[in-house]
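Colleague: I have a new model open and would like to talk through its pockets and its disulfides. Could you walk me through it?

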Amino acid sequence: SSPLRVHAEAQGKFIGTALATSPLANETAYRNIAATEFNQITAENAMKWDATESSPNQFNFSGADQIMAFAEQNGQQVHGHTLVWHNQTPNWVQSLSATEMRSAMQNHISRVAGRYASNPVLKSWDVVNEVFEENGSLRNSFWYQRLGESYIADAFRYAKAADPDAKLCINDYNVEGVNAKSTAMYNLVRTLRAQNVPVDCVGFQSHLAIQYGFPNIQENMQRFADLGVEVRVTEIDVRMQMPRSSAKDATQATYYSNVVKACLAVSRCSGVTIWGFTDKHSWVPDTFSGEGAALIYDENYAKKASYTAVHDALAAG
Ligand code: G3I
């Protein structure tokens, strides 16, 4: 049967994956599946601040360029991830004064987003990532502590100046269903757009777990779409308590299927990015002790029930 990207293209959507630079350089199976199955790529780590500007104004685009070259070779669009975040940002940024921090942010955005602005493969950016606490207040990050709420609007304006054609996104986790955090994000997006801040797109990471239930993601994405923004699923994986079983795999498959169907049902949903594709390379076991098997290929690159679920949902439309 046809690869995922063929069916996604027929639906006018993308099906994507996050890629890590080391297996991309070293593993043929990893490269072949990434090239064949997906028409959209996100760098799992290579475009983050610690990778691109580990020392002040010293830029290193080796990993980012590697991802871009792969996408160009394979006719894939790239989603830039991420310009402003509280994680994977070097200590030197975190210890700056307010004035210095704002100009470091502007310089970083201008250089990183600016590098790919003329490249038609780069379609969108996560401008700010994970700016909310679970209760919906703004995250008490070093960005917020030093600069206050204005850093968010500033980041979008700097990104617009650096790449006027890219779709500019706000991205977060635990915002898939209607809840306090997603409602805070909804209100922020509405307010920023009313102030002509260039927010074009909202990303729902969708790091799901079968033991926590399935969120009402279609209803939630639709309310954002009704604000006139693009919506997208940016980082889906569906973890489980190990060991795997066929019952857990089947539940996981329904989660993947239902997320794809939700995106197909919301016309402003541009597509779904899976946060990797093989259980051989997944952030989950390193972060959640005893959990794993969150992706659509196993650690030997065999397709799982979740692969079939994504495939069939895309093929059925
Ligand atoms: O590069 C170093 C290497 O030099 C060192 O030897 C090794 C030892 O631990 O660490 C390597 O860095 C790791 C990096 O991934 C690259 O592999 C970090 O420790 C590790 O913490 C980092 O994890 C990443 C995580 O973000 C960090 O915040 C995951 O790969 C990545 O999947 C994850 O992605 C995030 C999204 O960006 C935002 N949303 C949530 C998502 C999952 O946490």
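Modeller: Before we look at the pocket linings, a word on terms: Ala, Val, Leu, Ile, Met, Phe, Trp, Tyr, Cys and Pro count as nonpolar, Asp, Glu, Lys and Arg as charged, and the others, Gly among them, as polar. Please keep in mind as well that this is a predicted model.

Colleague: Okay, with those classes, how do the residues lining the largest pocket divide?

Modeller: The lining of the largest pocket has nine polar residues and six charged ones, and the other class, nonpolar, has five.

Colleague: And how much space lies in there?

Modeller: The largest pocket holds about 410 Å³ of space. It is lined by 20 residues, and those closest to its centre are E130, Q205, H207, E235 and W283.

Colleague: Which elements give two or more residues to that lining?

Modeller: Those are strand 8, covering 230-241, and helix 13, covering 284-287.

Colleague: What about the second largest pocket, how much space is in that one?

Modeller: About 160 Å³ lies in the second largest pocket. Its lining includes N174, E176, H207, Y212, F214 and R239, and the element that gives the most to this lining is strand 7, residues 207-209, with three residues.

Colleague: How does that lining divide by class?

Modeller: For the second largest pocket, five lining residues are nonpolar, five are polar and two are charged.

Colleague: Switching topic, how many disulfides does a search of the whole structure find?

Modeller: The search finds two disulfides. One is formed by C169 and C201, with their sulfur atoms 2.1 Å apart, and the other joins C263 to C269, where the S to S distance is 2.1 Å. With bonded cysteines counted along the chain, the pattern is 1-2, 3-4.

Colleague: Which parts does the C169 and C201 pair tie together?

Modeller: C169 lies in strand 5 (residues 167-172) and C201 lies in strand 6 (residues 201-204), so the disulfide ties together parts that are 32 residues apart in sequence.

Colleague: Are those two cysteines buried or exposed?

Modeller: C169 is buried, because its relative accessible area is 0% and buried means under 20%; C201, at 0% relative accessibility, counts as buried too.

Colleague: And is the disulfide of C169 and C201 right-handed or left-handed?

Modeller: The torsion about the S-S bond of C169 and C201 is about 90 degrees, so that disulfide is right-handed. For C263 and C269 the torsion is about -100 degrees, so their disulfide is left-handed.

Colleague: Where do C263 and C269 stand, buried or exposed?

Modeller: C263 is buried, with a relative accessible area of 2%, and C269 is buried with 1%.

Definitions and conventions. Residues are numbered from 1 along each chain as its sequence is written. This is a predicted model: local features need pLDDT of at least 70, side-chain atom pairs count only at pLDDT 80 or more; totals for chains, interfaces and linings use all residues. Side-chain values use heavy atoms; hydrogens and water are left out. On a 1 Å grid over the protein atoms alone, a cavity is a set of points where a 1.4 Å probe fits but cannot get out, and a pocket is an open set with protein on both sides within 12 Å along at least five of seven lines; lining residues have an atom within 4 Å of a point. Grid points are joined across faces, edges and corners, and a volume is the space filled by probe spheres set on the points. Helices (H or I, at least four residues) and strands (E, at least two) are DSSP runs, numbered from the N terminus. A disulfide is a pair of cysteine sulfur atoms within 2.5 Å. Buried means under 20% relative accessible area, exposed over 50%, partly exposed in between (1.4 Å probe, protein chains only).
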